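The two exercises below are meant to be worked through with the model open, and each is followed by a solution that goes step by step.

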Amino acid sequence: MKYLDSTDVEVRREAVISCATHLISLHSHKMEHSSKLIIDIIQRLLKFLLTEKNLSVRHAIINSFTEDYDIFFSHPQMMRYLIILLHDSDFKIRVRVISILGRLSKINPGYVLPEIRNVFVENLQKIRMSEDIITKEESSDIFAVIIKEIPQIVHTYTESIVKVLTNLSSSQSTNLSLYGLQALGNMSLVEGNYLKNHIEQLLPIVIECIDDASYKKRVVAMRTLADLVMNTGSVIEPFLKYPDLLERLLTKVVQEKDREARILLIKILGVVGAVDHFSYNKYQIGLIEEENSRNTDENQTTDFTEGLSLKSSEYYPAFTLKLLIKLLGTTGPMIHFQRDVVFSTMKILKNME
């Protein structure tokens, strides 16, 4: 412990790592009076963490506190230091402390949850109100971590969280959108049933992010899509509501160069569900016919067969004329025969005079 007072930064950092390693060894051997000694040393390390100026040494201390220390941190006298560190000036330390408190919330929820709730609401307000992009990014990241590590407090604020995450995920800022997607994926693990009511609002945002230029954003969007579908029970529906999604995913599986991204794409295909090929094609054909019918109805001005009997000599020329006029409005392969269509139309009209 005497090396913690060294003027050399490297010496202090190595002293912290060595001390943390030996503490766990001391606890595992269950030596006499070891618990009291460990608590005293941890208190010394926490005080040192609060006063140390060098960030690398401070990070070494906070990162050395693994799950093995939770039994000691659960005491109120230890938690006081962690609560102070919740408002530390260094962002990484704040995030790490939230992760530790997330584990401790299962042991001593009465002491942890009120403090975390305050931090949660504070960061929610920062995301909404702050105009500083860095503050918003840090608050969004902490927001995602709290949802993942301490899901107990999410239920009360579900509606507000969904509104904030929708805005974040569709943000023009890559980092803000990234943290929003992460939080949305975490949220689906906690409140999947609630998000099912908002799935039509959320899916287009996530699907759009899959094609983003940023690799990190694409990967996070893929994970979020898989989590959303899996935890809301919306299997097969995305392929039916977004007919081009299946083709886009299959194309990206072939084109995507990164192995992790390709694995995620295959996972999405598995999670969304094995849609029946015949039913899917039938559904797509139905959509195309519906679109063509709508376009035809818009363009149709006259029904030449109206009021004519099948026995009438004018019925069949009128029926043919009706079909030819429909062909004039198409943009498919029949466009190459438009000259013949126009010639036939004019000839029929001339004969009907």
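**Exercise 1.** Find which residues S139 is in contact with, leaving aside its neighbours within four places in sequence, and then decide whether S139 is buried or exposed.

*Solution.* In this predicted model, setting aside the neighbours within four places in sequence, the residues in contact with S139 are N123, K126 and I127. The next step is to place the residue itself, and S139 turns out to belong to helix α8, which covers residues 133–149. Its relative accessible area is 2%, and since buried means under 20%, S139 counts as buried. Turning to the side chain of S139, one finds that it reaches the backbone oxygen of T135 at 2.9 Å. A last step looks further along the chain, where F91 is 48 residues from S139 in sequence, while the two are 9.4 Å apart in space, C-alpha to C-alpha.

**Exercise 2.** Work out how the rings of F120 and F143 are arranged, and which helices the pair ties together.

*Solution.* A pair of aromatic rings is described by the distance of the centres and the angle of the planes. The count of aromatic pairs comes to 5. For F120 and F143, the ring centres are 4.9 Å apart and the planes stand at 15°; because planes under 30 degrees apart count as stacked, this pair is stacked. F120 lies in helix α7 (residues 109–129) and F143 in helix α8, so the pair ties together parts that are 23 residues apart in sequence. Both F120 and F143 are buried. Elsewhere, to complete the exercise, F65, Y69 and F73 form one aromatic cluster.

Technical notes. Residues numbered from 1 in each chain as written. Predicted model: local features only at pLDDT ≥ 70, side-chain atom pairs only at ≥ 80, totals over all residues. Heavy atoms only, no water. Helix = DSSP H or I, 4+ residues; strand = E, 2+ residues; numbered from the N terminus. Buried < 20%, exposed > 50% of the residue type's maximum accessible area, 1.4 Å probe, protein only. Contact = heavy atoms within 4.5 Å. Polar contact = N/O pair within 3.5 Å; in protein donor to acceptor, adjacent residues only side chain to side chain. Phe/Tyr/Trp six-rings, centres within 6.5 Å; stacked < 30°, edge-to-face > 60°.
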